[in-house]
Amino acid sequence: MTMKNILLAGIAIGAMAVAGSASALSLSGTTVGGVAVTGGTLAATTAIPYNIATEAKGPFTTPTAGTTATRIVAALQNGSLTSGQYLVQFNLGGATYTTASITGANLTLTGGTTASNATLQSSSASQVTFLVTIGGTDAITAFSFLAPFGLAAPGSVQAQAQVTLASNTNVVLDNGATPASNIIAARSGFAVTGTAAPQQATIASVFTLFTPGSGNTSAVIGTLTTAPATTPGLTSSAAVYRDLIADATGAGDITGEAYTVSGAVGSTETITIAGSAASALGSTTVPSNTTGALTAANVTLTQAAATVAARAALAASTYSVAVTPTLATANYNAAAATGVTLGTVTYEGTAILAPWVGDGNNSYTSVVRIANNGAAIPGVTAVLRSPLGATTTSSACSLGGIAANSSTTVSSANLNACFGSFGNADVLFSVQAPASQISAKLRIINASTGVVTEQSLGSGNGLTFGTTNTGGAPVQN
């Protein structure tokens, strides 16, 4: 700084009633659409922006007067300015000033009287500068700029302000310009949320009905809610807006939803989302809802066949849904889809844990024999626990069913074909039958010595029924 600038700075400081902190000029008090974007005396770097919906059509222009006009405030943090001339500059990014609507009257001086005034020094699409003359005993603490501007589309808008001496713009007062700060941000105006609810199909019904009991023909696998979005942490308002005059998104803007469901259903099974019609039998295509916003709407699977003979097995599957809100076309463009995870339907089963099973790639091979002492078992699934070898190729493996009053054997070679090389692991089998119907043994053969060891894995009440179920997991044959 030159000696002249040092002297001028000293004069400027003498013209300020200096108070307290050494923080810089801030945008505290700035409003968009009449909504405060900073709270109290927060500095610009902690400003909370006015949020505009990305789906909104606009128009995106700020008024030239009134309570919903936008005011960018340059607030002094180190006292007040007194007698003299100053340049107050407001920079804008992401939007364009409406220069034809800007005059000296657009700047209000906090603490000013008729002894002080502002005139427009210059204006462009991104910068407006006022010449402020402070007279009498006025002590100015802030400059409030009624800022008309427009956006082409929803997006971020940044504001920055500074105050300098009119006689030397190199002398920036109040410890410098404000940091550039977002006063407007864009985010979705609508939120889709949901919950997941796992369900099981019962062995007793041959997996054609849900638990509990033979009469349970339907089950809720989750809920969906569509609603106007909110802005977490916004101190003055939690809304997201569709324009720059504080028209908030509302539940009435949602006229329905479209759905894309992922998962599978059985050939006599349907899926319904509250407010919509059910899918066709064996289909996951759910018709769009036209009844408006959803609040904890149930997503329901139903066994539609009325008689035991007509019922096919329910699908063991994991479900999710992509939800696309339908919005009022007068004010909004099409919304984007939001994915929601729903519940998983598994088959009720009995867990059998076989410890220290090898993959056969050394001198040891393993065989697990599962005996069925009753009606046909539709499925057996294997899952590895803590494999010591290389990463396996699948998380679960379907091993097929077991005929009535028969047995099946699962060898190291079978498991190697399912999972690839895994060294050794505990193998958890899920058998789709009650514990009283099955028994199991593990045999380990040392090929180099011929020694065979056997271990009973349990039978009847020694097995665990209905507590560990893997039937709905992805499978690889």
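Biologist: Is Cys418 buried or exposed, and what is its relative accessible area?

Modeller: Cys418 is buried, because its relative accessible area is 5%, and the cut-off for buried is under 20%. Please bear in mind that this is a predicted model.

Biologist: How many disulfides does a search of the whole structure find?

Modeller: The general idea comes first. Two cysteines can be joined by a covalent bond between their sulfur atoms, and that bond is called a disulfide. Here the search over the whole structure returns 1 disulfide. The disulfide connects Cys397 with Cys418, with an S to S distance of 1.8 Å.

Biologist: Why is the disulfide of Cys397 and Cys418 left-handed?

Modeller: The sign of the torsion decides the matter: about the S-S bond of Cys397 and Cys418 the torsion is about -40°, so the disulfide is left-handed. This pair links distant parts of the chain, since Cys397 belongs to strand 25 (residues 397–398) and Cys418 to helix 2 (residues 412–419), 21 residues apart. Cys397 counts as buried because its relative accessibility is 0%.

Biologist: Let us turn to charged side chains. How many salt bridges does a search of the whole structure find?

Modeller: In general, side chains that carry opposite charge can pair when their charged atoms come close. In this structure the search gives 3 salt bridges. One of them is between Arg242 and Asp243, whose closest N and O atoms are 3.8 Å apart. This distance satisfies the criterion, because the cut-off is 4 Å.

Biologist: Is Asp243 buried or exposed?

Modeller: Asp243 is buried, because its relative accessible area is 7%. Arg242, by contrast, counts as partly exposed, because its relative accessibility is 22%.

Biologist: Which residues are linked in a network of salt bridges?

Modeller: The network comprises Lys441, Arg443 and Glu454. Between Glu454 and Lys441, the closest N and O atoms lie 3.8 Å apart. That pair links distant parts of the chain: Glu454 is in strand 29 (residues 452–459) and Lys441 in strand 28 (residues 438–446), 13 residues apart. Between Arg443 and Glu454, the closest N and O atoms are 2.4 Å apart. This pair also links distant parts of the chain, with Arg443 in strand 28 and Glu454 in strand 29, 11 residues apart.

Biologist: How should the accessibility of Glu454 be read?

Modeller: Glu454 is partly exposed, because its relative accessible area is 46%. Lys441 counts as partly exposed at 45% relative accessibility, and Arg443 is partly exposed with a relative accessible area of 39%.

Biologist: Finally, how many aromatic pairs are there?

Modeller: Rings pair if their centres lie within 6.5 Å, and by this rule the count comes to 8 aromatic pairs. One of them is tilted, because the ring planes of Phe90 and Phe145 stand at 40°, with the centres 5.0 Å apart. The partners come from distant parts of the chain: Phe90 is in strand 5 (residues 84–93), Phe145 in strand 10 (residues 142–146), 55 residues apart. Phe90 and Phe145 are both buried.

Biologist: How are the rings of Tyr97 and Phe145 arranged?

Modeller: Tyr97 and Phe145 form a tilted aromatic pair, with 5.7 Å from centre to centre and 55° between the planes. This pair too links distant parts of the chain, Tyr97 being in strand 6 (residues 96–97) and Phe145 in strand 10, 48 residues apart. Tyr97 is buried, as is Phe145.

Biologist: Which residues form one aromatic cluster?

Modeller: One aromatic cluster is formed by Phe90, Tyr97, Phe130 and Phe145.

Notes
Residues are numbered from 1 along each chain as its sequence is written. This is a predicted model: local features need pLDDT of at least 70, side-chain atom pairs count only at pLDDT 80 or more; totals for chains, interfaces and linings use all residues. Side-chain values use heavy atoms; hydrogens and water are left out. Rings of Phe, Tyr and Trp (its six-membered ring) pair if their centres lie within 6.5 Å; planes under 30 degrees apart count as stacked, over 60 as edge-to-face and the rest as tilted. Helices (H or I, at least four residues) and strands (E, at least two) are DSSP runs, numbered from the N terminus. Buried means under 20% relative accessible area, exposed over 50%, partly exposed in between (1.4 Å probe, protein chains only). A disulfide is a pair of cysteine sulfur atoms within 2.5 Å.
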